[in-house]
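Ready for a few warm-up exercises? Look at the sequence and the fold below, try each task yourself, and then read through the solution.

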Amino acid sequence: MILVNTDYISGQELEMLGLVKGSTIQSKNVGKDITQSFKTLVGGELKAYTEMMNEARALATKRMVSEAEALGADAIVNVRYASAAVMQGAAEVMAYGTAVRFL
């Protein structure tokens, strides 16, 4: 599956199949939450949260691709990501784009 953040794929004619999306809500365990809150006192990267967001993006992307494959898509164009805090220590990540088939 080809994923691009442009509205075209060079050299391909595309048939639009529709919007596809995938999402997940992720959180870290209480222990990680506490250790990361201490990190905010001294500054620096919150590696546990970086890891959590990377995992969330990967899962949201996988779910978006599965939805596109079910439509018979060859690619997804205009891929975008959005995230929002759902509660302290938990975030929703959504991946979305337009499923297309090559002509």
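The exercises below go from the overall layout to single residues, and the model they rest on is a predicted one.

**Exercise 1. Find out how many helices and strands the chain has, and in what order they come.**

Start by counting: the chain holds two helices and four strands. Next, walk along from the N terminus, and you'll meet the elements as β-β-α-α-β-β. Now check how much of the chain is tucked away: 29% of its 103 residues count as buried. The chain exposes about 6400 Å², and carbon and sulfur atoms supply 54% of that area. Finally, look at the contacts between residues at least 6 apart in sequence: 74% of these join residues at least 24 apart.

**Exercise 2. Work out the strand order in the sheet, and which strands lie at its edges.**

Go pair by pair.

- Strand β1 (residues 2–3) pairs with β3 in the parallel sense, over two bridges. For one such partner, take Ile2, which is bridged to Ala75 in β3.
- Strands β3 and β4 run antiparallel and are joined by ten bridges. Here Ala85 stands opposite Ala91 in β4.
- Strands β2 and β4 also run antiparallel, with 13 bridges between them. On this side, Gln26 stands opposite Ala91 in β4.

Put the pairs together and you get an open sheet of four strands in the order β1-β3-β4-β2, with mixed pairing. The edge strands are then β1 and β2, since each pairs on one side only. As background, strands of a sheet pair through backbone hydrogen bonds, either parallel or antiparallel.

**Exercise 3. Find the residues with a positive phi in strand β3 and in the hairpin of β3 and β4.**

Take the hairpin to begin with. It has two residues between the strands, and Gly89 takes a positive phi near 85° there. Then move into strand β3 (residues 75–87), where you'll find Asn78. Asn78 isn't a glycine, yet it has a positive phi of about 55°. Is Asn78 buried, exposed or something in between? Its relative accessible area is 27%, so Asn78 is partly exposed.

**Exercise 4. Track down the salt bridges and say which parts of the chain they link.**

A bit of background helps: side chains of opposite charge can pair when their charged atoms come close. The count here comes to two salt bridges.

Step one is the pair Glu15 and Arg101, whose side chains meet at 3.4 Å, N to O. Glu15 sits in strand β2 (residues 14–27) and Arg101 in strand β4 (residues 90–102), so this pair ties together parts that are 86 residues apart in sequence. How accessible are the two partners? Glu15 is partly exposed at 31% relative accessibility, and Arg101 is partly exposed at 30%.

Step two is Lys21 and Glu67, another salt bridge, at 3.4 Å from N to O. This pair links distant parts of the chain, with Lys21 in strand β2 and Glu67 in helix α2 (residues 47–70), 46 residues apart. Lys21 counts as partly exposed at 39% relative accessibility, and so does Glu67 at 27%.

**Exercise 5. Describe the largest nonpolar core: which residues touch the most other members, and which elements contribute?**

Some background again: in soluble globular proteins, nonpolar side chains tend to be buried together.

The largest nonpolar core has 16 residues, and those touching the most other members are Val20, Met64, Ala68 and Ile76. The elements that give two or more residues to this core are α2, β3 and β4. Helix α2 supplies the largest share, eight residues.

Now zoom in on Ala68. Skip its neighbours within four places in sequence, and Ala68 is in contact with Met1, Val20, Ala73, Ile76 and Ala99. Two of the names in that list, Val20 and Ile76, also appear among the core residues that touch the most other members.

**Exercise 6. Find the residues that make a nonpolar surface patch of about 320 Å².**

Turn to the surface and look for Ile25, Val86 and Met87, which make up this patch. Pick one of them to examine: Val86 lies in strand β3. How does Val86 sit with respect to burial? With a relative accessible area of 47%, Val86 is partly exposed, because "exposed" would call for over 50%.

Conventions
Residues numbered from 1 in each chain as written. Predicted model: local features only at pLDDT ≥ 70, side-chain atom pairs only at ≥ 80, totals over all residues. Heavy atoms only, no water. Buried < 20%, exposed > 50% of the residue type's maximum accessible area, 1.4 Å probe, protein only. Salt bridge = Lys/Arg side-chain N within 4 Å of Asp/Glu carboxyl O. Core = buried A, V, L, I, M, F, W, Y, C linked by side-chain atoms within 4.5 Å. Contact = heavy atoms within 4.5 Å. Pairing = 2+ DSSP bridges. Patch = residues over 30% accessible without salt bridge, like charges linked within 9 Å, V, L, I, M, F, W, Y side chains within 5 Å. Areas by Shrake-Rupley, 256 points an atom, 1.4 Å probe, with all protein chains shown as cover.
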